[in-house]
Amino acid sequence: MIDETALSKGKLRKLNALRKSVGPSIADEAFAKWLEQAAEAPEPDRDVEVISDALWTLVQEGRLSIRRGGYIVRRGRQRVIVEARED
């Protein structure tokens, strides 16, 4: 049995949608398997952590503001290229 009180709003919506589409017994089994797979998150990238920690200190000091939509960071020839993201 799935503890619905421990689920987030999005996971609860997913469970209810599964129950409506395939029935409660099959949906509970499928959701439990999906939840197990989702719990096995990959290890976070150390480089991402270093970059976010460095930028977060600048954000807290007020020296940097990250606009909505974000930026793309990539390597160039002996430099770092930061571009506004266009979606």
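**Exercise 1. Determine whether E4 is buried, partly exposed or exposed, and identify its salt-bridge partner.**

Solution. E4 has a relative accessible area of 33% and is therefore partly exposed, given that buried means under 20%, exposed over 50% and partly exposed in between (1.4 Å probe, protein chains only). This is a predicted model, in which local features need pLDDT of at least 70 and side-chain atom pairs count only at pLDDT 80 or more, while totals for chains, interfaces and linings use all residues. Residues are numbered from 1 along each chain as its sequence is written, and side-chain values use heavy atoms, with hydrogens and water left out.

The next step is the partner: the side chains of E4 and R19 meet in a salt bridge at 2.7 Å, N to O, the criterion being a side-chain nitrogen of Lys or Arg within 4 Å of a carboxyl oxygen of Asp or Glu. Because R19 lies in helix α1 (residues 9-22) and E4 in the segment before α1, the pair ties together parts that are 15 residues apart in sequence. Helices (H or I, at least four residues) and strands (E, at least two) are DSSP runs, numbered from the N terminus.

**Exercise 2. State how many salt bridges a search of the whole structure finds, and describe those of E29 and E61.**

Solution. The search of the whole structure finds 5 salt bridges. In one of them, E29 pairs with K33, the closest N and O atoms being 3.7 Å apart; both residues lie in helix α2 (residues 24-39), 4 residues apart, about one turn of the helix. In another, the side chains of E61 and R63 meet at 3.3 Å, N to O. As for their surroundings, E61 counts as exposed at 52% relative accessibility, and R63 is likewise exposed, with a relative accessible area of 66%. Salt bridges that share partners, finally, join E4, R19 and D28 into one network.

**Exercise 3. Describe how β1 and β2 are joined, and examine Q78 in the turn.**

Solution. Strand β1 (residues 71-76) and strand β2 (residues 79-84) run antiparallel and are joined by 6 bridges, where pairing requires that DSSP finds at least two bridges between two strands. Along this pairing, V73 stands opposite V82, and G76 stands opposite R79. The two strands form a hairpin with 2 residues between them. Most residues other than glycine have a negative phi. Q78, however, has a positive phi of about 55° although it is not a glycine. Q78 is also exposed, with a relative accessible area of 86%.
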